[in-house]
Amino acid sequence: MAFMMEMLESDGNIQTASSFGESEWMDLSHIGIITFMLAAAYFGTFLSALNLLVQISKYLSRWQTQWIFYLGVVVHLSVRTLTWAVFCWMLMTKQAHWKRIMVILLSLPEFIFLSAYLLLLFHWLEVYIFSRQQFIFATRNSFHKSWQRVFMGTHLVFYTGLFILYILFLHAQESANGFFTSVLAYLETIFNFMLPAAHICVWVYFSIRLSGFSYVTDGSETTVWRMHWIISLWSTGRVLRGVVIIVQTGIGMKNIMSPVTYAMFMVLVLLVTEFLPFIFTLDWTVIGVLAFGEEGGLLSPLQGNVPPKYIPQSLVDQEDNPGEGKTAADSMEPRLQVPLVNIAQTI
């Protein structure tokens with residue numbers, strides 16, 4: 001995380017890699033156990049997320065929006081685990097020459113998290129718009145392809161620029177460390193405020209535009225409000241992260257709290273801004289909302305009535321009574337199929 005860019009010096013003290021000016025403020029005894037516990041916590045969450053991704057892959061096609069989102073979560077957790085493990089190893093062995101690698105390992109997961117958040121924003125918007133009987137957008141498929149092109153194009157440009165910045169940073173002089181890490185911190189701050197602000201503006205705009213349209217089905221309103229809660233939790237975490245970075249870069253943590261309090265504060269921020277959204281999103285009920293929306297139908301884990309072998313009951317009835325008339329809603333085959341799984345068995 002941006003405000004944790006602190007590296008080992010040869011004398012065993014922690015020095016900020018950027019221009020935050022907190023050298024020799026925090027020693028190894030205050031941070032060593034924290035990095036070990038964070039590495040263990042992230043590793044456990046990574047294993048849980050990886051297990052869920054494997055299960056989701058059985059029922060979601062590869063490179064589908066929801067699958068990519070959970071893949072991003074797994075990648076973020078794996079890099080975070082590596083980050084804290086390497087950081088702990090550096091503290092134990094006093095390997096100061098890893099400083100620049102650590103800056104990259106601390107900042108890269110931030111941008112991966114923001115990418116997953118942006119993907120979640122687009123998915124929320126799609127569900128929100130097409131939960132209503134509207135005529136603003138012709139088809140869901142065309143809208144989906146349009147925002148996918150925007151998402152892929154912007155990410156291609158951004159990550160190309162980011163990796164160029166990393167290469168320049170690795171080959172820059174020692175005196176340029178503060179400049180590069182400050183640039184990374186500013187980028188994180190901008191995106192942490194810009195994306196939640198975009199979320200609020202888009203929500204207000206489409207709330208007005210869609211106010212006169214009725215919901216497609218009786219369950220659409222419930223699905224939309226669940227999606228609102230999911231995206232609001234992620235947005236709140238991003239805003240809080242941005243505030244913390246501003247406080248870190250502008251005031252300096254040594255001016256407002258002791259080293260022990262700072263270590264506790266770091267863990268608390270991670271719990272609120274990353275662990276809480278992850279744990280909430282890795283619940284099968286939320287997976288049902290994200291993966292199914294209104295398409296989950298009879299097979300959504302939210303319904304709790306998954307037929308044997310994951311076959312839609314409507315299709316079973318139709319097979320048994322081929323001549324019986326069906327409404328359009330009854331005969332609609334769900335696109336996705338997942339079993340009802342107890343989260344306690346997956347974590």
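**Figure 1. A nonpolar patch on the surface of the predicted model.** This is a predicted model, and the view takes in Ile200, Trp203, Val204 and Ile208, which form a nonpolar patch on its surface. Together these residues offer about 380 Å² of accessible area. Ile208 is found in helix 5, which covers residues 177-209. With a relative accessibility of 60%, Ile208 counts as exposed, because the cut-off for that label is over 50%.

**Figure 2. Tyr205 and Phe206, an edge-to-face pair.** Here we zoom in on two rings. The centres of the Tyr205 and Phe206 rings sit 5.0 Å apart, and their planes meet at 85°, so this pair goes down as edge-to-face. The angle is what decides it, because planes over 60 degrees apart get that label. As for cover, Tyr205 is partly exposed at 43% relative accessibility, whereas Phe206 is buried at 10%.

**Figure 3. Glu274 and Arg80, a buried salt bridge between helices.** The side chains of Glu274 and Arg80 meet here in a salt bridge, with 2.9 Å from N to O. Glu274 belongs to helix 7 (residues 259-281) and Arg80 to helix 2 (residues 65-93), so the contact ties together parts that are 194 residues apart in sequence. Are the two partners buried or exposed? Glu274 is buried, at a relative accessible area of 0%, and Arg80 counts as buried at 0% as well.

**Figure 4. Glu274 again, this time with Arg241.** Glu274 also has a salt bridge with the side chain of Arg241, at 3.3 Å from N to O. This pair links distant parts of the chain, with Glu274 in helix 7 and Arg241 in helix 6 (residues 220-250), 33 residues apart. Both Glu274 and Arg241 are buried. Pull back a little and there is a network: salt bridges link Arg80, Glu110, Arg238, Arg241 and Glu274.

**Figure 5. Arg140 and Glu126, a salt bridge from helix 4 to helix 3.** The side chains of Arg140 and Glu126 come together in a salt bridge, 2.8 Å from N to O. The two residues are 14 apart and link distant parts of the chain, Arg140 being in helix 4 (residues 140-171) and Glu126 in helix 3 (residues 99-129). Their surroundings can be read from the accessibilities: Arg140 is partly exposed at 29%, while Glu126 is buried at 5%. For the overall tally, a search of the whole structure turns up six salt bridges.

**Figure 6. Trp84 and Phe87, stacked rings in helix 2.** The whole structure holds 24 aromatic pairs. In the one shown here, the ring centres of Trp84 and Phe87 are 6.1 Å apart and the planes lie at 10°, so the pair is stacked. How do they come to share this stretch of chain? Both residues lie in helix 2, three residues apart, which is about one turn of the helix. Trp84 counts as buried at 0% relative accessibility, and Phe87 is buried at 0% too.

**Figure 7. One aromatic cluster, and two arginines over rings.** Phe111, Phe158, Tyr159, Phe163, Tyr166 and Phe191 make up one aromatic cluster. Two further panels look at charges over rings. In one panel, Arg100 lies over the face of Phe169, 5.5 Å from the ring centre. In the other, the charged end of Arg132 sits over the ring of Tyr215, at 4.1 Å from its centre.

**Figure 8. Cys88 and Cys201, two cysteines in a model with zero disulfides.** A search of the whole structure finds zero disulfides. Cys88 is buried, with a relative accessible area of 11%. Cys201, on the other hand, is exposed at 53%.

**Figure 9. Stepping back to the whole chain.** To place the close-ups, here is the full fold. The protein chain has eleven helices and two strands. Reading from the N terminus, the order is β-β-α-α-α-α-α-α-α-α-α-α-α. Of its 347 residues, 50% count as buried.

Technical notes. Residues numbered from 1 in each chain as written. Predicted model: local features only at pLDDT ≥ 70, side-chain atom pairs only at ≥ 80, totals over all residues. Heavy atoms only, no water. Patch = residues over 30% accessible without salt bridge, like charges linked within 9 Å, V, L, I, M, F, W, Y side chains within 5 Å. Areas by Shrake-Rupley, 256 points an atom, 1.4 Å probe, with all protein chains shown as cover. Salt bridge = Lys/Arg side-chain N within 4 Å of Asp/Glu carboxyl O. Helix = DSSP H or I, 4+ residues; strand = E, 2+ residues; numbered from the N terminus. Buried < 20%, exposed > 50% of the residue type's maximum accessible area, 1.4 Å probe, protein only. Disulfide = S-S within 2.5 Å. Phe/Tyr/Trp six-rings, centres within 6.5 Å; stacked < 30°, edge-to-face > 60°. Lys NZ or Arg CZ within 6 Å of the ring centre and 35° of its normal.
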